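Trainee: Hi, could we go through this one together? I'd like to ask things as they come up.
Mentor: Sure, put it on the screen and ask away.

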Amino acid sequence: MAETKEKSLSDEKPKPRVRPIVRLGIFLISHSFHFSVVCCTAGVLALFLLPVLAKNTYISENALMPGSASPMLSNQHVSDGNRLVKDLTNPNSKSSETGIESHKIIAQYMLDLGAEVSFHKFHPQMNQFHPLHFFSSPDSGKIQENYSCSSYGINTVGIIRAPHGDGKEAIVLVTPYNALKSGFGEALSLGIAYSVFSLLTQVTWLAKDIIWLVADSQYGEYAAVAAWLREYQTPKFSSLSTPNAEMCPDVNNLFELKGHSISGSKFSNSFRRAGTMASALVLKVRDQNEQFEDTISIYAEASNGQMPNLDLINVVNYLAVHRQGLRVNVEKLWSLLNSSWLKSLGEIFESLAKVAKSLYPKWKFGIPATEYVEGTATLASSLYYQALGVPTGPHGAFRDYQVDAITLEISPKFSLDKVWRNDILLRGGRLIEGVIRSVNNLLEKFHQSFFLYLLTSPSKFVSVGVYMIAFALLIAPLPMVAASLYVDANSSSNCSKGDSSTPSAITDTDEHSIAIRSWRWLNSAKLVFIVHLWGAIVSLLPYFISQIPDCSPTTSFMIWVLLSILSLLTLNSVLASPLACAKATQEKEWALVKSVTISSVFIGLGLMSVINFATAEIGALLMVPMCLLAQPLKLDVRAGTLRSFCRMICNLVLGHIAFPPAAFFLLKGMLDGFGNANVGDFWMWVESLWAWNSATYLFIVEVTYIFSHG
Amino acid sequence: MEKVKKKIGSFSFWNWVTASIIFRLILIYFPKNLNLSSRPEVSTPLTSFRRLAEGYWLKQSFMSPYAGSMYHGSPLLLSLLGPLTINRIEGQPNHLLYSLVSVIADVVSAMLIRATGQNLRLAYLRSLESLDLVKQIEVSEFLFSGDIAALIYLCNPFTIVACVGLSTSPIENMAVILCLYGACSRLIPLAAFGWVIATHLSLYSAILIIPVIFLLGCGPDSPPRKLFLQRHQQKEVLNQSKLPPRFSWGPVIHFAFWAFLWSVYVLVLCGISLKQFGGLWEMFKSTYGFILTVEDLSPNIGVLWYFFAEVFEFFRNFFLIVFHVNILFMILPLAIRLRHRPCYLAFVYVAICSMLKSYPSVGDSALYLGLLGWFVNELADMQFSLFLFCGYVGVSLLSPVMHNLWIWRGTGNANFYFATAMVYACLQIVLVVEGVSAMLNHDRKLRNLITGKPQDAKS
């Protein structure tokens with residue numbers, strides 16, 4: 001009994017002995033406002049510091065070094081490639097309507113080299129929004145049944161079996177080629193691939209099979225590669241399960257004819273396979289170019305912000321720069337390059353670094369301002385493409401099967417003379433040869449290096465351990481503010497009870513208040529859950545709307561809006577009108593609602609950072625301030641001070657900006673001017689974001705939107 | 001859990017029950033999309049549906065169902081559920097009949113939980129009455145804990161996932177609940193039957209014998225006996241009829257007899273069904289032996305697989321003993337401290353088992369979260385409830401994501417997945433610790449009310 005009395009006494013005074021960690025927690029919670037301001041600023045600042053903190057890339061495995069041996073690709077192979085380019089650009093080959101002639105030529109060339117050749121017929125399959133795609137294995141996507149014989153594409157596949165290999169592994173070389181309207185660049189890329197291919201039939205060091213896929217890009221490069229990969233990775237054992245192109249008579253005839261015309265035992269009509277893919281290279285040559293030197297652009301972003309192993313990029317970068325003297329490029333946001341504020345920021349960092357260096361000579365972290373600006377532009381585009389979750393090229397299809405792949409786009413300085421063409425063929429071919437030789441020497445999959453990184457230049461990267469700090473700083477205020485709101489809500493209810501009632505009555509009322517107190521958040525949790533449910537429904541609706549045939553983007557957008565409102569009303573009425581209830585009690589409860597919302601946002605952002613860092617980062621930049629500032633408008637209006645007015649304005653602006661359609665229009669307006677924005681565009685955009693991340697983004701945003709206006 | 005409202009009329013209760021059943025039936029029609037039955041969180045080597053089907057197939061082709069270390073469940077389940085694995089109705093999802101059995105098991109469990117919860121609530125009110133605390137504690141504010149517990153069990157996503165994911169845990173859970181129900185309503189043969197079946201299906205339920213003995217010996221949960229004595233000392237009239245009964249050995253012996261009878265019966269049945277395939281020894285070796293030696297190291301939401309994948313072979317036996325004794329160590333102190341609240345003791349035991357068992361699944365969590373609902377009145381002032389709730393939500397979302405990163409995308413590794421398993425284990429520890437301390441605080445508060453001391457502010 002004495003103990004309890006003591007305890008109750010000690011509760012009134014500050015407790016003398018509290019464990020340090022608890023005291024720290026209490027301190028943080030009580031100062032959550034300052035804490036969150038400091039953390040958010042530090043988070044944003046750390047994001048801008050990332051280009052400074054980027055490390056140089058390095059090749060982490062000695063097994064990858066053989067690529068730097070002196071190249072074996074000679075002028076003989078180059079002239080072989082040249083022959084193919086000439087044949088393909090010859091106007092006679094384009095006479096056929098389906099472009100089958102050029103495929104015949106390519107196949108003939110492959111056969112002449114002694115490779116195994118097969119054609120792969122496919123029907124273009126649109127990317128569909130599949131809500132549960134993320135959690136299932138990549139091959140569980142159902143194959144559409146409604147084929148028509150009018151549209152099909154033909155991939156030509158050539159396979160070289162390695163003389164020393166056991167046929168368990170393969171390297172894939174992809175060259176997109178549109179037989180109907182091919183530019184000179186595409187033909188040139190085929191030429192490069194062919195010269196490498198012809199070399200690889202002769203070399204003795206080959207340990208992995210080489211697959212050369214000439215992807216028919218008339219329905220898009222990605223679709224062709226994805227169709228071939230799907231076929232490659234999911235073998236069909238019964239012929240009954242493939243009611244596809246074989247049903248179409250004209251296609252069949254073509255291939256029959258083809259089989260007879262080419263007199264080779266190595267040609268087969270069936271699907272050919274080699275081993276598991278170690279890596280894949282997609283090779284493209286750009287048609288027009290204004291630059292003054294030969295450059296190579298590397299595209300690496302696959303779906304959902306996945307990146308190939310950094311080693312692959314390192315190898316390409318190392319060989320291109322140090323062996324072939326090509327300039328390597330990664331995508332940049334060009335608009336950032338000329339921004340003056342970024343330049344001045346870079347100068348500030350530079351001068352800071354100088355000061356630091358003068359203080360202590362071993363501190364060398366500064367980079368020149370121009371380099372900083374370029375790094376930031378590259379980083380921004382890296383973040384943007386990862387956040388978008390749409391692959392930047394056909395290499396994206398490989399990443400779904402855990403194959404590391406990148407796209408190399410060679411943009412030569414443009415001239416037409418033959419010397420130049422041979423030069424490009426030689427250098428491009430030698431680069432490819434080197435990369436293949438490196439990968440060929442690997443005994444295991446790429447695993448030494450990073451999968452989670454952001455590029456700031458082709459030879460610099462920010463690893464997950466560094467960029468996570470910025471993100472962690474940014475979202476650290478969320479749990480703190482949630483906890484402080486929760487504690488406040490609880491203690492305030494206690495105080496009011498204690499004041500109003502005499503000490504003898506405390507025991508009576510306490511039982512009642514306690515019963516509500518500790519689990520009172522359940523009501524707000526219910527509200528938050530319902531809003532999330534609505535958000536989920538809204539984000540799943542496009543899937544069903546896309547099933548409706550013959551809809552223009554604008555009408556389907558309208559249907560979407562209507563259905564969303566309808567579903568909100570239905571939820572509202574079915575689930576005992578939670579929103580109305582909340583409104584009545586919100587004066588007291590809003591702190592709890594906000595606390596639950598913030599914790600749910602915290603969970604959501606934490607999850608997203610694991611799935612797709614870039615989305616989480618951009619989402620956090622938008623949502624953290626919004627969550628922290630959110631407050632019911634009524635209270636603000638009533639308070640009437642300048643500060644609350646400012647906060648209200650902030651809330652309204654933030655709420656509108658973060659609402660996805662609004663955000664889209666703003667972005668679009670900034671990029672293209674406001675004139676041509678259109679609701680239909682938004683629909684197209686959403687459809688293009690068929691991947692998982694957009695859905696999450698949508699529904700997390702919805703929640704806070706609702707509350708800031710509650 | 002959000003769906004549980006504060007006050008649930010009976011009409012609304014049945015609404016929620018039907019809604020949850022309909023939701024399950026809808027999910028059953030999309031098994032391909034969800035692929036739940038292959039998730040490591042749902043189906044462990046002990047509860048997996050695929051293994052059950054494999055065992056049944058082996059037995060049909062006159063081989064031992066335990067051949068090839070595929071099946072590790074009871075032979076009785078094979079005879080009862082096995083035929084359902086191959087029966088198909090034209091045009092319906094493949095395992096419709098089996099899923100329906102799981103749904104029925106869930107609903108039966110929920111009804112049993114409801115009945116037990118009502119029992120417990122009545123017992124609680126009775127003991128408050130005999131302590132003369134009815135006026136001080138507003139009884140009308142008391143929640144119908146039975147309804148709430150049943151709804152938590154039915155609407156819990158974990159239960160739904162275990163049911164739709166075709167694991168056998170709904171049936172195991174039903175056996176445990178049957179045992180507790182029988183003990184609470186003093187149906188001794190039923191309690192014994194439930195206990196024997198639960199132990200037969202999963203070894204860990206064996207420790208439930210302690211709460212069951214307390215339940216049968218002293219009746220359902222009540223404040224500590226000391227309080228009653230204090231109360232009556234104050235009044236200076238010792239009314240024997242208002243005291244809770246002392247421990248009586250009669251029902252316990254009765255229970256022991258029935259438990260013996262049922263276990264002999266079950267063993268004989270198993271022996272008959274395994275006559276050609278190595279008999280009972282084979283069964284013990286590949287069910288209990290499999291559980292105790294942690295042979296299968298495929299990832300699950302527990303922590304043991306990772307540990308035993310790392311540990312050196314010659315330390316393995318030592319750590320096996322350490323891990324299993326861990327559970328046993330906690331039995332005695334908890335039993336002494338919570339002996340006046342046997343149902344709560346059962347909840348704590350179930351929670352600890354699901355934390356430390358070798359092949360945990362979300363079905364186990366579903367069971368103890370449902371049992372937690374019985375004590376909403378007592379645990380009203382539990383701390384960290386929001387934190388725990390957010391933790392459970394976070395972990396249950398993070399775990400599939402980490403698994404995806406590790407298995408399908410290849411960007412993560414086993415440590416990612418194991419980290420969520422550790423967080424999950426920590427959450428369960430916090431839940432048990434906070435739950436027990438809240439319950440003890442509740443007892444302390446009752447004592448203060450009796451002795452007239454001011455309210456302990458810390459509660």
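Trainee: How many helices and strands are there in chain A?
Mentor: Chain A has 26 helices and 12 strands. Helices (H or I, at least four residues) and strands (E, at least two) are DSSP runs here, numbered from the N terminus.

Trainee: Before I go on, what am I looking at, and how is it numbered?
Mentor: This is a predicted model, in which local features need pLDDT of at least 70 and side-chain atom pairs count only at pLDDT 80 or more, while totals for chains, interfaces and linings use all residues. Residues are numbered from 1 along each chain as its sequence is written, chains are lettered from A and ligands numbered from 1 in the order in which they are written, and side-chain values use heavy atoms, with hydrogens and water left out.

Trainee: And what are the ipTM and pTM?
Mentor: The model scores ipTM 0.82 and pTM 0.83. For chain B, the mean pLDDT (the predictor's confidence in each residue, from 0 to 100) is 85, and 90% of the residues of chain B reach 70 or more.

Trainee: Where in chain B does pLDDT stay under 50?
Mentor: One such stretch is residues 1–8 of chain B, for which the model has 26 contacts beyond four places in sequence. Another is residues 455–459 of chain B, with 12 contacts of that kind. Contact means heavy atoms within 4.5 Å.

Trainee: Back to chain A. What share of its residues is buried?
Mentor: Buried residues make up 51% of the 710 in chain A. Buried means under 20% relative accessible area, exposed over 50%, and partly exposed in between, with a 1.4 Å probe and protein chains only.

Trainee: How much area does chain A expose?
Mentor: About 32,300 Å², and carbon and sulfur atoms supply 62% of that. Accessible areas come from the Shrake-Rupley method with a 1.4 Å probe, and for residues only the protein chains shown count as cover.

Trainee: What about sequence separation in the chain A contacts?
Mentor: Among contacts between residues at least 6 apart in sequence, 84% join residues at least 24 apart.

Trainee: Let me pick a loop residue, A:Ile367. Which elements flank it?
Mentor: A:Ile367 is in the loop between helix 11 (340–359) and helix 12 (369–388) of chain A. A:Ile367 counts as buried, at 11% relative accessibility.

Trainee: Which residues does A:Ile367 contact?
Mentor: Leaving aside neighbours within four places in sequence, A:Ile367 is in contact with A:Pro51, A:Val52, A:Glu350, A:Tyr372 and A:Lys460. A:Glu350 is 17 residues away from A:Ile367 in sequence and 6.1 Å away in space, C-alpha to C-alpha.

Trainee: Now chain B cysteines. How many disulfides does the whole structure have?
Mentor: The search finds zero over all chains; a disulfide is a pair of cysteine sulfur atoms within 2.5 Å. For B:Cys270, the nearest cysteine sulfur is that of B:Cys179, 18 Å away. For B:Cys343, the nearest is that of B:Cys184, 3.5 Å away.

Trainee: Is B:Cys343 buried or exposed?
Mentor: Buried, with a relative accessible area of 0%. B:Cys270 is buried too, at 0%.

Trainee: On to rings. How many aromatic pairs are there?
Mentor: There are 41 over all chains. Rings of Phe, Tyr and Trp (its six-membered ring) pair if their centres lie within 6.5 Å; planes under 30 degrees apart count as stacked, over 60 as edge-to-face and the rest as tilted.

Trainee: Why is the pair B:Trp305 and B:Phe418 edge-to-face?
Mentor: Because their planes are at 90°, with the ring centres 6.1 Å apart. The pair links distant parts of the chain: B:Trp305 is in helix 15 (residues 304–310) of chain B and B:Phe418 in helix 20 (residues 414–451), 113 residues apart. B:Trp305 counts as buried at 5% relative accessibility, and B:Phe418 is buried at 13%.

Trainee: Which charges lie over rings?
Mentor: Among them, B:Arg114 lies over the face of B:Phe13, at 4.2 Å from the ring centre, and B:Arg121 over the face of B:Phe144, at 4.4 Å. The cut-off is NZ of Lys or CZ of Arg within 6 Å of the ring centre and within 35 degrees of the ring normal.
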